[in-house]
Amino acid sequence: MADSTSRQEIELLQGLVADTLEVSADASLESGIDAQVAAKASSTDGTSDAKSHLKTAEGLKTSNLDVGGSATVDVENLLEVSADATGVTGDGSARSEVERTTALEADTIEVDGSNRIDGDVNTQLQAESATTGGDSKASTNLVESIGIDVSTSAAEGELNLAGAANNTLSSTAEVTNATADTKPEDGASASNTVTTTRGIRLDEVAAGDNANLSAAVSTSSNANAAATTGSADASNSAVDMAALELTSTEPTAPATTAAEDDTTAGEDEPEAAAGRVQNLSADVALNAETTLSTTAEANTTTGVATASNNGEVIDGARLGNSTLNVGGDAAISGSVALNNNTSATNVSGGDVNASAGIKNSKGISHENNPSAQLNVKGDGSVTGTISNSNTVTANSAEGNATATTGSSAGGDQFGVDLQSLIVNGVGNVTGQVANTTNTTAESTAGEATSQAIGANRVGLQTYNLQVGDQATVKATNSSSSIVDATSVHDDAIAMVGSEASAMRNIAVDNSVIRVGGDTTITAATNSDGDVTAQSISETAEAISISDAIGIYQSAFESEAEFNVTSTAVNTGNITATTVGDGIDGNGDGDSDLASAKAKLKAEAINLENRANDQGLDAAGNASLSATGGLQTDVSAANTDGKAIAIADLEALGLQMENARIGGDADIQSIGLIDVSNITAETNSSGEAKATTDLSVLTLEISEALEVGGIASFATQTSAKANVSADNIEGNAISSNNEGLGNAYSLAGMQLNGLDLESDAAFTSVLLDEFNTTAKTVKGDASASTNQSLLGIGFFGEGNELAGDVSVSSVMSHTSFTEASSVQGIATADEKLTAVGVQVDALDVEGDATFSSNVVVRASSTTES
């Protein structure tokens, strides 16, 4: 037996190296590296091992570059590193690695004039292994890839920095006809790892004139593992990616206090370490783009198949904890684009697992430190975006299949996450998050589990946003999740979120926004989750727990006009279907179960519970428009076993406290649960149970609202739900708000603490339609509905209205409750409280007009 080993070891490649380079006049530097490194090993009788290893590639490296005039620097690294162990009959191993590649590395670059610096690294890593009689392993590893890595970059004139890192990694491992290798650790393994990559990394930057920074990071990683017999494992890992990073911290020395004898009496620890002060004296254009595209495919005929695409921290622009001062106008943007495809497939011999997730991702961000600031003297435009497309598939004929999207370590996303942003001129701030995920698990003989792990996804978070002139703030959050699990002979489980971690999609969160001029804020969140679990003979369980929120836990101050529009929509179909075979195959003695559960929330604007009585303070006129809506179909169907469908639905239009409006106020809010169906159906002696707990609160002023001008309040409240349980052999139970208690299920306005100095108009329209039915042939049937409705409520003792007042409430309630059993007991129970206008205490100094119209069409029937 003859083994084959091939090694390529490159220690160091350098283009231009200078400890100190001083140029009195202008300077032009051009350097780069073009390297192709390959290793190939092939043995027809033994082990083949190929390794290509490039330790360091430096296009231009200097400690100090001092230029008296202007400077032009252009550096590019082109690296191709490959390892090949194909065409072998024994074990094959191929590994390619680059430890560090930098286009430009410098401690200090100081230019008296203007500078233009370009640094690009382009790195390709490839590993390929293929064998017909052993194990196959292929791996690539890129430890560090940086376009421009400079501690200090300063120019007295214009500053132009452009840095990019483009990385392509590919690993392929193939095993064919390896009938002897059936151990779990044997087979094909392909992996790619990127540890650290940056377009531009800076500690300190300064410019006397305009500054232009363009940073980009692009990583494409493809892992493919295929085995005829044995395991298949394909994985991609991206640890730390950012197009732009301001890294350094200069801790503030603790403040000292002097005693009477002039000796030091003690030190006060600072609240947080302050970062460096970065001064860019004129206009600034900063753009940072990060792209990560990964594909992992693991396929085997007989054996375990595992595919994963995982990342730790993937960011666009990291501004660190520095104070970044911009002397002119600023246009700053950071973006992250994620695209992942993950697939694991086998026929027999084990389970399959496919997973993909990013621990944390931000478009543009500060560190979590109150000292971090971005200050713009002129007009400022700041944009941060996250886009994520994720497809995960697990398929097995005989084993369990598990498909997972998201990270159990967090998975949080922020378009904009800034500690402090101050713009003295006109300000435009935009935060966007968009997610599209498709997760599918299929198995014939085993269990199928498909899950989208819950996370916090936020379009815009600014703890302190101040704009001196007009401000336009826009935040959007779009989320689409499709989760499917299918099994023929075992359980099928499909989930979006969980009780421990809901899928929370928010447009604006935890922000304080202060504006000196007119203010326009637009927030929109659209969340859609379709969850399907299907089993032929065992239990099927589908669960969706998600929140869609427009504006949450935020406060606003405006010294002029104030306009806010927020929309939050949460939709989804949750379906669990099984044929069942009577007794659950897990051996616990329970019947097979079809269970569909939805816990969905939609909140357009929620400004409650801010510290220090923060809420809304607008000096001029204010217009607030809010829409919070839900729509869902929750269905559980079983042929031989239990069927349970549960929906917990909550819609909120506008909720706030501690608000003051100096001019006129126009407040419009919509709370909506569109036609939703909750259905449970079975044909056996098992129970069919369909329940919903729903609530709609369209407008709530919970503590205080002052309005100096004319005030107009208008709400539209609507809820439509069909709840049905159908059975043949067993009981059928359906209920709508069975545990309501003393709360309102639907409320147009709940008002407390009004202080209105002029005329006011209150208009509420509330419409609902509920159908609750339970039908069975041989069992008992029970149907119940409990609703408490309020059009307009003036609560507490502190509602004072100085001008003329008109109050109008229109309410229409339609319900039908039916219970039917051929051979058993049928019970129908309906409870209703409906109030058009409720007044605890209201002090009106002008004329008052009240109009309330309550229309009820309610019927219940039983048949047995």
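How far from R457 is the nearest side chain of opposite charge? In this predicted model, that side chain is D412, and the distance is 8.0 Å. R457 is buried yet takes part in no salt bridge.

## R457 and its surroundings

R457 belongs to strand β26, which covers residues 456-467. Leaving aside residues up to four places away in sequence, the contacts of R457 are Q413, V433, N435, N477, S479, M503, R504, N505 and I506. A salt bridge requires a side-chain nitrogen of Lys or Arg within 4 Å of a carboxyl oxygen of Asp or Glu. With D412 at 8.0 Å as the nearest side chain of opposite charge, R457 has no such partner.

R504, one of the residues that R457 touches, does have a salt bridge: its side chain meets that of D547 at 3.5 Å, N to O. D547 lies in strand β32 (residues 540-552) and R504 in strand β29 (residues 503-509), so this salt bridge ties together parts that are 43 residues apart in sequence. D547 is buried, with a relative accessible area of 11%.

## Salt bridges

The count for the model comes to 22 salt bridges. In general, side chains of opposite charge can pair when their charged atoms come close. The table lists some of these pairs.

| Pair | N to O distance |
|---|---|
| R95 and E97 | 3.4 Å |
| D149 and R100 | 3.3 Å |
| D547 and R504 | 3.5 Å |

In the pair of D149 and R100, distant parts of the chain are linked: D149 is in strand β7 (residues 136-155) and R100 is in strand β5 (residues 92-111), 49 residues apart. D149 counts as buried because its relative accessibility is 12%. R100 is also buried, with a relative accessible area of 15%. Salt bridges that share partners join R100 and D149 with E105, E144 and R201 into one network.

In the pair of R95 and E97, R95 counts as partly exposed at 29% relative accessibility. E97 has a relative accessibility of 10%, so E97 counts as buried.

## Nonpolar cores and a surface patch

In soluble globular proteins, nonpolar side chains tend to be buried together. The largest nonpolar core here has 107 residues, and among these L705 and F762 touch the most other members. The contacts of F762, not counting residues up to four places away in sequence, are F713, M749, L751, L754, L756, I792, F794, L801, V805, S806, V807 and S808. A second, separate core holds 79 residues, including A403, A441, L649 and A719.

Nonpolar side chains also occur at the surface. I728, V777 and V822 make a nonpolar surface patch of about 220 Å². I728 is placed in the loop between β43 (711-726) and β44 (732-736). Its relative accessibility of 34% is why I728 counts as partly exposed.

## Two partly exposed positions

V810 is in strand β50 (residues 805-821). At 36% relative accessibility, V810 counts as partly exposed. Beyond residues up to four places away in sequence, V810 touches S764, V765, L766 and N853. The C-alpha atoms of V810 and A596 are 35 Å apart, with these positions 214 residues apart along the chain as the separation.

E561 sits in the loop between β33 (555-558) and β34 (562-578). E561 counts as partly exposed because its relative accessibility is 30%. Its contacts, again not counting residues up to four places away in sequence, are G517, D518, T519, G620 and N621. E561 and I661 are 100 residues apart along the chain, and their C-alpha atoms are separated by 9.6 Å.

## Positive phi outside glycine

Which non-glycine residue has a positive phi of about 50°? N510 does, and it lies in the loop between β29 and β30 (512-515). N510 is partly exposed, with a relative accessible area of 26%.

N658 is another residue other than glycine with a positive phi, near 55°. N658 is placed in the loop between β38 (642-656) and β39 (659-661). With a relative accessible area of 15%, N658 is buried.

Terms used. Residues numbered from 1 in each chain as written. Predicted model: local features only at pLDDT ≥ 70, side-chain atom pairs only at ≥ 80, totals over all residues. Heavy atoms only, no water. Patch = residues over 30% accessible without salt bridge, like charges linked within 9 Å, V, L, I, M, F, W, Y side chains within 5 Å. Areas by Shrake-Rupley, 256 points an atom, 1.4 Å probe, with all protein chains shown as cover. Helix = DSSP H or I, 4+ residues; strand = E, 2+ residues; numbered from the N terminus. Buried < 20%, exposed > 50% of the residue type's maximum accessible area, 1.4 Å probe, protein only. Core = buried A, V, L, I, M, F, W, Y, C linked by side-chain atoms within 4.5 Å. Contact = heavy atoms within 4.5 Å. Lys, Arg positive; Asp, Glu negative; His and termini not counted.
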